[in-house]
Amino acid sequence: MSTTDRGKELIKSYLDAVGSLAVDDIAPLFHVDGRLDIPYAPDGIPRTIEGRVAIDDFYQALPQMATPLNFSDYRIWALDEDGEYVAEYRSDSSFRATGAAYRNNYVARVTVRTDRIARFAEYFDPIPLVEALGGTVSPAPMEAGAAAPDRGAIEDVLNRYAIAYDENDMSTMADCFTPDAVMSLRVQDGDLVGPFEGRDAIVKLMRDSLASQTDQRRHIVTNAVIRAADAAAVSVESYLTLISVEGAKLTVLSTARYEDQLVHDGGAWRFSKRHVQLDLPY
């Protein structure tokens with residue numbers, strides 16, 4: 001069996017164990033200093049669990065909380081970088097305290113080293129989890145008399161930015177930002193890159209980035225959630241899947257989370273602040 005196939009089998013073993021609540025089988029699949037990241041876990045659930053012992057403690061409590069998660073529809077891809085994988089899967093479960101059904105879709109970024117999991121980062125929609133636990137999710141309160149923003153107009157800005165980069169359309173790119181916009185980036189837990197202050201600095205960053213590339217990039221933006229809104233400003237989070245096409249080869253380069261603030265400026269919605277939290281360098 002190849003190294004790539006062993007990595008895929010390791011990930012499948014992890015999903016089988018978690019999905020069936022075979023909790024004693026989970027921690028041994030990790031390195032002693034392995035890490036489990038759950039960036040979108042709601043309050044009360046840790047978002048980072050470090051070390052095999054802590055991971056074991058976390059999963060030992062799961063059978064008291066939920067019925068088997070019944071993970072299914074696995075799709076696992078090996079990336080170009082050795083030991084790096086992306087997995088998709090779904091769950092069908094319920095929570096014991098509320099009796100509420102819990103179903104979700106997941107994307108995970110997995111790092112495998114010497115036949116053990118070094119990092120498992122799991123992304124999902126937190127709203128079904130909050131609701132299954134008995135909580136509620138409501139939009140942020142708006143000022144009296146304020147009109148709700150047009151969700152389609154907000155998503156249009158996210159998508160216009162993505163297409164403008166992929167098509168090297170710097171005029172449209174510039175129009176997505178306010179003149180005094182700020183942009184920053186971070187790869188995993190690394191140092192902050194930026195901030196790049198002002199529309200001109202942001203467009204130069206994009207132009208320089210494009211000049212260094214020989215492939216065709218495709219920025220796929222999904223899972224947009226408006227976290228707070230009024231008639232003049234919104235806060236939005238969304239996911240990025242970054243794909244490279246070169247020759248006859250398609251490669252997933254990275255995944256990321258966008259954290260955006262948009263304002264109504266000059267009759268249109270534009271970014272006033274954008275932070276890109278990348279899962280891997282690209």
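The following paragraphs go through two sheets, the helices packed on them, and the nonpolar cores of this predicted model.

One open sheet is built from 6 strands in the order S2-S1-S6-S5-S4-S3, with mixed pairing. Its edge strands are S2 (48-50) and S3 (72-78), each of which pairs on one side only. From one strand to the next, the twist averages 15 degrees. Within this sheet, strand S4 (residues 84-94) and strand S5 (residues 101-113) pair in the antiparallel sense, over 11 bridges. In that pairing, Glu84 stands opposite Thr111 in S5. Helix H1 (residues 3-20) packs on the sheet and touches strand S1 (30-37), S3, S4, S5 and strand S6 (116-124). The direction of H1 makes about 150 degrees with that of S3. Helix H2 (residues 52-60) also packs on the sheet, where S1 and S2 are the strands it touches. The direction of H2 makes about 55 degrees with that of S1.

The largest nonpolar core has 36 residues, and Tyr14, Tyr59 and Phe120 are those with the most contacts inside it. Two or more residues of this core come from each of H1, S1, H2, S4, S5, S6 and helix H4 (126-132). H1 gives the largest share, 6 residues. Which residues does Tyr14 touch, not counting residues up to four places away in sequence? With that exclusion, the contacts of Tyr14 are Ile26, Leu29, Phe30, Leu36, Tyr59, Ile117 and Phe120. There is also a second, separate core of 33 residues, which includes Leu158, Ala162, Leu185 and Val234.

Leu158 and Ala162 are among the buried residues of helix H5. This helix, residues 151-166, has 16 residues and reaches 23 Å from its first C-alpha to its last, close to the 22 Å expected at 1.5 Å a residue. The other buried residues of H5 are Ile154, Val157, Tyr161, Ala164, Tyr165 and Asp166. Just after H5, Asn168 takes a positive phi of about 55 degrees.

H5 lies across strand S7 (177-187), S9, S10, S11 and S12, and runs at about 155 degrees to S9. These strands belong to another open sheet of 6 strands, ordered S8-S7-S12-S11-S10-S9 and mixed in its pairing. Strand S8 (193-197) and strand S9 (216-229) each have a single partner strand, so one side of each is left without a neighbour in the sheet. Neighbouring strands here are turned by 20 degrees against each other on average, direction ignored. Strand S10 (residues 233-246) and strand S11 (residues 249-265) run antiparallel and are joined by 14 bridges. Ala233 stands opposite Val263 in S11. Helix H7 (residues 199-211) lies across S7, S8 and S12, running at about 45 degrees to S7.

One residue of S12 can be followed in detail. Ser272 lies in this strand, which spans residues 268-278. Is Ser272 buried or exposed? Its relative accessible area is 19%, and because the limit for a buried residue is under 20%, Ser272 counts as buried. Leaving aside residues up to four places away in sequence, Ser272 touches Thr178, Ala181, Val182, Gln261, Leu262 and Val263. Val263 is also the residue that Ala233 stands opposite in S11.

Note on methods:
Residues are numbered from 1 along each chain as its sequence is written. This is a predicted model: local features need pLDDT of at least 70, side-chain atom pairs count only at pLDDT 80 or more; totals for chains, interfaces and linings use all residues. Side-chain values use heavy atoms; hydrogens and water are left out. Helices (H or I, at least four residues) and strands (E, at least two) are DSSP runs, numbered from the N terminus. Buried means under 20% relative accessible area, exposed over 50%, partly exposed in between (1.4 Å probe, protein chains only). Contact means heavy atoms within 4.5 Å. Two strands pair if DSSP finds at least two bridges between them. Axes are lines fitted to C-alpha atoms, for helices over the stretch in contact, and angles run from 0 to 180 degrees between N-to-C directions. A nonpolar core is a set of buried Ala, Val, Leu, Ile, Met, Phe, Trp, Tyr and Cys residues joined through side-chain atoms within 4.5 Å. The expected span of a helix is 1.5 Å times one less than its number of residues.
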